[in-house]
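Q: I should like to examine one part of this model closely and then see how it sits within the rest of the chain. Please treat the matter as one connected account.

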Amino acid sequence: MQPADLLPWAERGATANGSGVGRAHGKAILLGEHAVVYGAPALVIPIPQLTARATATPIPNRGEDTDRISFAMRGPGSAAMTPLATDGLRHLVKEFEDLVGRTGGLSVDVVIESTIPQSRGLGSSAACARAAALALADAFGHRLDADEVYGLVQASERVAHGRIEPRVACSRC
């Protein structure tokens, strides 16, 4: 069964104002937590109750060739937003532009809402990256296959952590 985030735009629930939406969830490594850092296999399960949802809203670009991208994080049910300035997410945007052949300035605001605790080994950064990649694709009318989503998440994870997450945690759960 194909994840809902990879369905055609009309079936994904994109917002009426032209914003794109992407979703992902957390994971838990049951066996092999330490070994997976070195590329060894691990037993991983999805945790669909821990979610990340990103909304990407394109902003009119006044003919500028430079990117104008902002990231913000918001907790569930909260209106307060915290600006994010992660190198991993900024790198993901550059990789996205290269992947879809986009040239010129990209102007977009990305808001991520996550219930996944950070720094607990539950895949919060990978889930946020996956949700952001899918939201960008949705907002700009591009369909990404599972391997492309995986590649974008891994690009973000390599910058954020210097290593990658298990494949199953990012695109196959």
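How many of the residues of helix H3 are buried?

A: Of the 16 residues of H3, 15 are buried, so that the helix is mostly covered; here buried means under 20% relative accessible area, exposed means over 50%, and partly exposed lies in between, with a 1.4 Å probe and protein chains only. The model is a predicted one, in which local features need pLDDT of at least 70 and side-chain atom pairs count only at pLDDT 80 or more, while totals for chains, interfaces and linings use all residues. Residues are numbered from 1 along each chain as its sequence is written, and side-chain values use heavy atoms, with hydrogens and water left out.

H3 comprises residues 124-139, and its end C-alpha atoms are 22 Å apart, in agreement with the 22 Å that 16 residues should span at 1.5 Å a residue. The expected span is 1.5 Å times one less than the number of residues. Helices (H or I, at least four residues) and strands (E, at least two) are DSSP runs, numbered from the N terminus.

Within H3 lies alanine 126, which counts as buried because its relative accessibility is 3%. The C-alpha atom of alanine 126 is separated by 7.8 Å from that of serine 156, although the two residues are 30 apart along the chain. Beyond the helix comes glycine 141, with a positive phi near 70°.

On the other side of H3 in sequence, a loop between S5 and H3 contains serine 119. Phi of serine 119 is also positive, near 60°, in a residue other than glycine. Serine 119 counts as exposed because its relative accessibility is 69%.

The loop leads back to strand S5, residues 107-114, which is mostly covered, with six of its eight residues buried. Serine 114 belongs to S5 and counts as buried because its relative accessibility is 12%. Apart from neighbours within four places in sequence, serine 114 is in contact (heavy atoms within 4.5 Å) with Thr51, Ala52, Met73, Arg74, Pro76 and Cys128. One of these partners, Cys128, falls within the residue range of H3. A polar atom of the side chain of serine 114 also lies 3.1 Å from the backbone nitrogen of isoleucine 116.

Another residue of S5 is isoleucine 112, which counts as buried because its relative accessibility is 0%. Its C-alpha atom is 9.8 Å from that of threonine 82, a residue 30 positions away along the chain.

S5 has two strand partners to consider; two strands pair if DSSP finds at least two bridges between them. With strand S2 (residues 43-58), S5 pairs in the antiparallel sense over seven bridges, and alanine 56 stands opposite valine 110 of S5. With strand S3 (residues 68-74), S5 pairs in the parallel sense over seven bridges; here isoleucine 69 has valine 108 of S5 as its bridge partner.

Helix H2 offers a second helix to set beside H3. H2 (residues 87-100) has 14 residues and reaches 20 Å from its first C-alpha to its last, close to the 20 Å expected at 1.5 Å a residue. Its buried residues are Gly88, Leu89, Leu92, Val93, Phe96 and Glu97. Just after H2, glycine 101 takes a positive phi of about 70°.

These elements belong to a chain of five helices and five strands, arranged along the sequence as α-β-β-β-β-α-β-α-α-α. Of its 173 residues, 43% are buried. Among contacts with a separation of 6 or more, 70% join residues 24 or more positions apart. The chain exposes about 8,900 Å², of which carbon and sulfur atoms supply 56%; the areas come from the Shrake-Rupley method with a 1.4 Å probe, and for residues only the protein chains shown count as cover.

A word on confidence is in order. The mean pLDDT (the predictor's confidence in each residue, from 0 to 100) is 78 for the chain, and 77% of the residues reach 70 or more. Over residues 1-14 the pLDDT is below 50, and this stretch has 27 contacts in the model beyond near neighbours in sequence. Residues 167-173 likewise stay under 50, with 19 contacts in the model beyond four places in sequence. Where pLDDT is low, the predicted coordinates should not be read in detail.

How values were computed:
Polar contact = N/O pair within 3.5 Å; in protein donor to acceptor, adjacent residues only side chain to side chain.
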